[in-house]
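Visitor: I should like to learn how to read salt bridges in a protein model. Could you please guide me through an example?

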Amino acid sequence: MELLSYIVWNPSLSLGPFRWYSLCWLLGLALAYLVVKKLYKEQKIKDELFDPLFIYCFLGILIGARLGHCLFYQPDYFLTSGKGFVEMLLPIHFLADGGWKFTGYEGLASHGGTLGLMIALWLYVRKTKLSIWRVLDNIAIATGVTACFIRLGNLMNSEIIGKITDVPWAFIFERVDTMPRHPGQLYEAIAYAILFGLMWWLHKKMAAKIGTGWFFGFCLTYIFTFRFFIEYTKEIQEAFEASLPLDMGQILSIPFILIGVACMVRARKL
């Protein structure tokens, strides 16, 4: 197939003083904030119980995603030196001349973010005394919109690229190489947008299920089943994955799929 058939991709990393990746994260979290606020209002949950939720979610996702990337994908770098350990915790990079520069957090893993969010929500319900299942279901209904924008941020950064392919919708990520590749980030963004639409429709049809854990289970099962199979179109992120029967993204997806199915089975018995 001729080169002109492919989508040549090399957008600016920034929009004025703002990086696209950071903007996508903020937009995704802001939209989820509005969705969950509406859900709390529908369920007549007090405003003072909602107010701290955003802080818990933001810190849980950020800390979990950062530690997940460092520990799951690059432990040999971040855990073998003092400088690497500092870079894991702070958004900086040490330079060869002894100086340092601000980089932002370069490397965030969705599996770690999901685990961090779950821990943060557990701490939140301990403080507010709300039902953990109701909180998890409400967050699950909004999760698709945040996940969609995060993957759009990856697309703008030309990261988490797909394998070489000849499909007519292939992207040439010029910041990476000149080969046509699967736009894995776009596949995931579309899947998560569909998830959000589906979850919003289901919450209207199955309002009685909110608080049983069914929506949380469905969200985990949907996201990580899709993530497991989409990994077959994506390049491995670290060299050590080449020797594994499944890549790290697939290995980490399996426990979340099992947890999701278990939550849905539990909800059906209620």
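Guide: Let us begin with one residue. This is a predicted model, and in it Glu188 is buried, having a relative accessible area of 0%.

Visitor: What is the general idea behind a salt bridge?

Guide: Side chains that carry opposite charge can pair when their charged atoms come close. In this model, the count comes to seven salt bridges.

Visitor: Which side chain meets that of Glu188 in a salt bridge at 3.1 Å, N to O?

Guide: The side chain of Arg151 does so. Glu188 lies in helix α8 (residues 184–205) and Arg151 in helix α7 (residues 132–156), so this pair ties together parts that are 37 residues apart in sequence.

Visitor: Is Arg151 buried or exposed?

Guide: Arg151 is buried, with a relative accessible area of 7%; the cut-off for buried is under 20%.

Visitor: How far apart are the closest N and O atoms in the salt bridge of Glu188 with Lys234?

Guide: They are 2.8 Å apart. Lys234 lies in the loop between α9 (214–230) and α10 (248–268), and Glu188 in helix α8, so the pair ties together parts that are 46 residues apart in sequence. Lys234 counts as buried, at 2% relative accessibility.

Visitor: Which residues do salt bridges that share partners join into one network?

Guide: The network consists of Arg151, Glu188, Arg227, Glu231 and Lys234.

Visitor: What partner does Asp177 have in a salt bridge?

Guide: Asp177 pairs with Arg181, and their closest N and O atoms are 2.5 Å apart. Arg181 counts as buried, at 7% relative accessibility.

Key: Residues are numbered from 1 along each chain as its sequence is written. This is a predicted model: local features need pLDDT of at least 70, side-chain atom pairs count only at pLDDT 80 or more; totals for chains, interfaces and linings use all residues. Side-chain values use heavy atoms; hydrogens and water are left out. A salt bridge is a side-chain nitrogen of Lys or Arg within 4 Å of a carboxyl oxygen of Asp or Glu. Helices (H or I, at least four residues) and strands (E, at least two) are DSSP runs, numbered from the N terminus. Buried means under 20% relative accessible area, exposed over 50%, partly exposed in between (1.4 Å probe, protein chains only).
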